[in-house]
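Q: I am new to this structure and would like a close look at a single part of it. Please take one stretch and follow it step by step, then say where it sits in the whole.

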Amino acid sequence: MSKEIKKYDNNKNNNKNLIYYKDSSGYESWKEYDKNNNCIHYKDSFGYEQWCRYDENKNLIYHKNSDGDEERYKYNENKNLIHYKDSNDYEVWYKWEDGERIRIAEKRPGYSEVIFQCPECGSNKLGSIENVLTTRVITSIREDGDHNYNSPETDNIEVIAYKCTNCGYQLKEDNGSAIVDCLKVYKWVEKNSSIPES
Ligand SMILES: [Zn+2]
């Protein structure tokens with residue numbers, strides 16, 4: 001009758017890491033570690049394998065497995081994640097405020113998304129200032145001048161400005177005119193946001 005087998009390494013810190021495991025069913029796994037005791041290679045008897053790399057702060061910076069998935073991570077000086085990219089060309093950028101993670105941009109094939117960041121105050125809240133033209137059908141007209149209406153029928157929304165809702169900073173084109181086109185908002189934010197290179 002076979003039983004469980006466990007083998008450990010014996011590294012400098014006397015911190016024993018499991019390097020081999022076999023259970024009673026015959027399943028086996030192997031592990032390798034870096035100098036900070038992070039597992040950097042795993043392999044099992046099912047044929048699954050994965051590789052990891054960690055930085056000096058023990059943060060995962062690279063991951064790859066035998067299914068072909070690959071992931072890369074970047075951190076700021078406070079060890080907080082600021083960029084993620086995988087082998088499907090999915091990418092996301094983060095910034096941190098008061099311990100809170102804020103997504104500032106996202107990219108995947110055929111699709112990109114950016115989050116506004118005010119150059120004056122840093123707020124992420126962009127407001128569209130709109131004129132709404134509403135048509136209401138008058139159903140009856142009273143002697144005293146009051147009218148009875150159906151509910152609003154037509155909304156015609158015209159954006160007259162895009163502004164930071166915190167400080168009022170307004171998005172403008174290079175020639176100084178107000179941006180009122182949603183496509184131009186994307187271009188403006190993409191150009192003016194502080195997305196680091198991937
Ligand atoms: Zn602002």
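A: A good place to begin is the hairpin of β6 and β7, in which 4 residues lie between the strands and glycine 68 takes a positive phi near 95°; the model in which this appears is a predicted one. Strand β6 covers residues 60–65, and its pairing with β7 is antiparallel and runs over 3 bridges. Within this pairing, histidine 63 stands opposite glutamate 71 in β7.

Moving on along the chain, strand β7, made of residues 70–75, also pairs with strand β8, residues 81–86, again in the antiparallel sense and over 5 bridges. Here tyrosine 73 has tyrosine 84 of β8 opposite it, while lysine 74 faces histidine 83 of β8 across the pairing. The hairpin of β7 and β8 has 5 residues between the strands, and in it lysine 79 takes a positive phi near 70°. As a general point, side chains in a regular strand alternate between the two faces of the sheet.

To place this part in the whole, β6, β7 and β8 follow one another in an open sheet of 11 strands, whose order runs from β1 through to β11 and whose pairing is antiparallel. Its edge strands, each pairing on one side only, are β1 (5–8) and β11 (111–114), and neighbouring strands of the sheet are turned against each other by 10° on average, direction ignored. The domain assignment of the chain gives domain 1 as 1–68, domain 2 as 75–115 and domain 3 as 126–198, and the centres of domain 1 and domain 3, taken over C-alpha atoms, are separated by 56 Å.

Definitions and conventions:
Residues are numbered from 1 along each chain as its sequence is written. This is a predicted model: local features need pLDDT of at least 70, side-chain atom pairs count only at pLDDT 80 or more; totals for chains, interfaces and linings use all residues. Domain bounds come from an automatic or database domain assignment. Two strands pair if DSSP finds at least two bridges between them. Helices (H or I, at least four residues) and strands (E, at least two) are DSSP runs, numbered from the N terminus. Axes are lines fitted to C-alpha atoms, for helices over the stretch in contact, and angles run from 0 to 180 degrees between N-to-C directions.
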